[in-house]
Amino acid sequence: MKRFFQETKEPLVDSIFDESELNLQIYEHLNSVIKLDMNGNLVSHNQAFAKQYGYTESDFNKPFLDVFIKYETLEQKEFFKKSILGEMQRFDAVGRCKNGQTIDINVTLIPVETEVGMVIYVIVKNITDSKNQEKEIHLFKQGQNVFNEFENICNFYYDAVNDHHIYSRQLPIIFGINEKQNFSPTLKQLLLYVYSDDLPLVENTIQDAIKNRTGYQMEYRILRKDGTVRYAYEQAEILLDNKGKLDGLVGFIQDITDRKISDQVAANQVVDSDQFYQSLFESSLDMVIYTDSYGAIAQTNSKFSENLGYSDQDILLGPIERFLPSSEVSTFREFFERVLSGNNQQMKTVFLHKAGNPLQVRLEGIPTIVDGNVEGVFVIATDISETKEIEVELNQTELKYKSLIEQAFIGVFILEQNGQISYGNPKFFQILGSKFNSELNIWDYIHPDDQLSQKSIWHYLMNGDDGVNHSFRIIRKDGTLIDIESHSKKVYLENNRPTVIGTIQDVTARKKAEDLNKYLAYHDALTDLPNRRLFQEKLEQTLVTSQKLQQKSAVLYLDLDRFKYINDTLGHPIGDKLLKQISLRLKGLIRDHDVLARLGGDEFALILPNISSVDRIIDFSKEIIKSLEDPLPVEDYELFITASIGISVFPNDGEDVETIIKHADSALYKAKDKGKNTYHFYTPSIDAESYRIFTLESDLRRALELNQLELYYQPKICTITNQIIGAEALIRWNHPQWGVVSPGEFIPIAEETGIILEIGKWIKKMACIQNKAWQDAGLPLIPVSINLSAHRFLEKDLLENIKGILADTKLDPKYLEVEITETFLLENEKVVFSVLDGIRKIGIRISLDDFGTGYSSLSYLKRFKGRIDTLKIDQSFINDLSRTDVEGSNFITKTIIDLAQHLNMDVVAEGVETVEQLEILKEYNCDTVQGYLFSKPVPAEEFASLLRNGKTVIPEIPNTDENIDIENRRKSFDIDLDGPLRGSFGPHSNSWKKG
């Protein structure tokens, strides 16, 4: 008689009658194995017992079990007596280690008749981990940490835009992936692990979910690289971006192989020996196979391997078709499909022994139905050889069906009309946490809050003929609360007695995973605030309520000013921590019914329902701005940041979600345009301004390709000789519709959209090409300075890009200068040191532009000594120079010049427009000046003429009318409309100009 105990890692014995072979295997067994005589005294033990529990044979001066087991009930002492009578026993107990430690164990007593009498083999398995598993699950954390605590569940996020997966640690374990640690598979790469027969199902399920914008759930098989097959349950939600396009998937995958091939009932239930030996899987004369709905074998009884000569490893997870002749495969598949449709089926066929011998069998297929779905198939194979034909017909009994239920991995029950439990299989009582008792009633276990709904279902069952799928909660005997899914139906048993039969399944882990998955789909992972998806749903609900109750509600769009600079300078980890700090401050300002969400990046949004007056919105906006005035501590930094706020009000500014959000966003851009760190209400005139910004942004993306950008040059003049000793390159945009667009309009847009990086490269290249062309034409050699934006200064390839341009144009580095602003220098000291040193190593001079407009800290200036060659005094100081204001700007300007010269720096005064300003600067020993007094910025050809003359002549009255005309003209713009513009104007309307 062959035994296979599935809780051990390998079979203990091939034949309990072959003692010599048995003793050899015992010593190598992974679990503890002990041999006892009929009096319970220790005869021998394997190495695992000594290693795991610390005993030696000399420690047992009385019966082994009395020393090793801490008896808790009288029933436990009776198990050894029953085993002496020839009955195998299995029970849970508490074992003692030699050091006094107690552990939870599972004990199996196997009686073996030998030539010298009966001996008892004891198999001891440590089940402490399984006892503690339930406690561990309650300690899990939210987010990814939650899934890392589950051994068979992983969560994942699929980035559809970049086509890669982010996942918790169990995914490689479930899929058998042995790639490098940071392996981030694409969707196509992950689908390679899906069993080929299941691949169409998986692909179609995902495609349908994406098409219909719904979540999905499915089961499929995984084929690992080592050839093993695992079963998986996957559930996910679709994530859309703010434009409604696919952004990704978020969900979880659970390894349900153990559920599919569950053998834990036999290992963990105390089964009466008569039932045990009557079970179909152990003593049936027939071969019994259980397969999943895909046809893969999950379990067989010993007769199957005995009759066909295959080992368990050869059988499990393979298809039944491998044991059939090829001519029988198609017929079997038709048979199997009919069983999957829910009907019992029979067929005759041939099984092939491992040696090739045919075995005539009759197959009976029985569908396993859970919640109305066929989850698997039991196949009973009967040997119908002539010598066994009569025996087969006589042994068709109820035993087969009862045994199938006893081995099921779901709970099966029969309930009387009053709820009394008249039958439950081992899994049913395992779920309840109880043992069978004729007095047990199902209503004693159902949660009080669920009893009303379940009694309504009970009434429906008793008065109808249909089955019902229903869910409820159960309080187990140990007090734990679990979620249950059940299928119940009324049937009539003997004496026409109505009863309820059904199945139950513990879905607690799956329900928790579903709830967590839903939370992650609707909340921002960094701040735990509602995300864009949840914000829009909340806003939709608010608008419906406001319309019904005739209330006003406001939406505030909040964007952090210059947050990108902090991210680029200090790194994304610091930026993320800053966002957390800001979210906490904002949470402290809102009311219970207000909604605060993070939409992405540095953008937040708020919903203020039931607003009685505009003053409430203004006061709240001021509170937000004021709350950010105090520094935000992040690690070793105290960071300062401001916010701009755009506001739209329902119903004044729109009556639907899309319009309200759009107008709040437009108002936000206006707030930024007003100087940031402020708020702005939406007005219809913003739409026109937004159109202009949008058009500029759209056209700017094509300006480089269409050759619309041009460099103008403004000369730098020596105050002593009036010679041109340098030039500053200034970009202009020759717009085909609006003429020359000044950089003050399009540079901020370029910086915000990232186009500034390409424009910056273009400016460096064109300035070097032009300067080299002037030199080749024999014109005086002068340096040309270019402005470096903060974005470009932080780029890693800046130095290599400059070196490449100088090499390509063959321009000497001393004829190229770079200008950076004082504010950028002071705010990014740690970052710019190495870049400044790298630029100076190339041989390029560095100017500090707009000096005096930033913090103007003398200590900062001292620390940058030796890295800055030239100070450029901001024109705001030069504009105020006069003979009558000696104590004002004159004094400050002279001090700056003296300070720079003391630090061995050159000085350039910007914005010189009058002879009086020039004369004062000469008196203060200013080296160089630049401004409209000598020349406005001019195209390259005009500048070549100035350079050819060498000296400049100072006009008596500088002509700046043209510049003023350009400035005035840029305050208005043209918009091409498809039809006439209709509107009304009031005291606050905009002024529109023709042309």
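Lys455 lies over the face of Trp443, 5.5 Å from the ring centre. That is a good place to start a tour of this predicted model. A second charge over a ring appears elsewhere: Arg221 sits over the face of Tyr195. The table sets the two side by side.

| Charged residue | Ring below it | Distance to ring centre |
|---|---|---|
| Lys455 | Trp443 | 5.5 Å |
| Arg221 | Tyr195 | 4.0 Å |

**Rings with rings**

Aromatic rings also meet one another here, and the structure holds 28 aromatic pairs. One of them joins Tyr233 and Phe252, whose ring centres are 6.0 Å apart, with 45° between the planes, so the pair counts as tilted, being neither under 30 degrees nor over 60. This pair links distant parts of the chain: Tyr233 belongs to strand β10 (residues 229–240) and Phe252 to strand β11 (residues 246–255), 19 residues apart. Both Tyr233 and Phe252 are buried.

Elsewhere, six rings gather into one aromatic cluster, made up of Phe49, Tyr53, Tyr55, Phe60, Phe64 and Phe68.

**A sheet and the helix that packs on it**

Let us turn to the strands. Six of them form an open sheet in the order β2-β1-β6-β5-β4-β3, and the pairing is antiparallel. At the edges are β2 (42–45) and β3 (69–70), each of which pairs on one side only. Helix α4 (residues 74–84) packs on this sheet, where the helix touches β1 (32–36), β3, β4 (89–96), β5 and β6. The direction of α4 makes about 135° with that of β4.

Within the sheet, strand β5 (residues 102–114) and strand β6 (residues 117–126) are antiparallel partners over ten bridges. Strands of a sheet pair through backbone hydrogen bonds. Which residue of β6 is the bridge partner of Thr108? That partner is Ile123.

**Cysteines**

How many disulfides does the structure hold? The count is zero. For readers new to the term, a disulfide is a covalent bond between the sulfur atoms of two cysteines. Two cysteines can be described by their surroundings: Cys97 has a relative accessible area of 9% and Cys768 has one of 1%. Both values fall under 20%, which means that Cys97 and Cys768 are buried.

**A helix and the glycine after it**

Our last stop is helix α23 (residues 563–570), where the buried residues include Phe563, Tyr565, Ile566, Asn567 and Thr569. After α23 comes Gly571, and the phi of Gly571 is positive, near 100°.

Technical notes:
Residues numbered from 1 in each chain as written. Predicted model: local features only at pLDDT ≥ 70, side-chain atom pairs only at ≥ 80, totals over all residues. Heavy atoms only, no water. Phe/Tyr/Trp six-rings, centres within 6.5 Å; stacked < 30°, edge-to-face > 60°. Helix = DSSP H or I, 4+ residues; strand = E, 2+ residues; numbered from the N terminus. Buried < 20%, exposed > 50% of the residue type's maximum accessible area, 1.4 Å probe, protein only. Lys NZ or Arg CZ within 6 Å of the ring centre and 35° of its normal. Pairing = 2+ DSSP bridges. Contact = heavy atoms within 4.5 Å. Axes fitted to C-alpha atoms, helices over the stretch in contact; angles between N-to-C directions. Disulfide = S-S within 2.5 Å.
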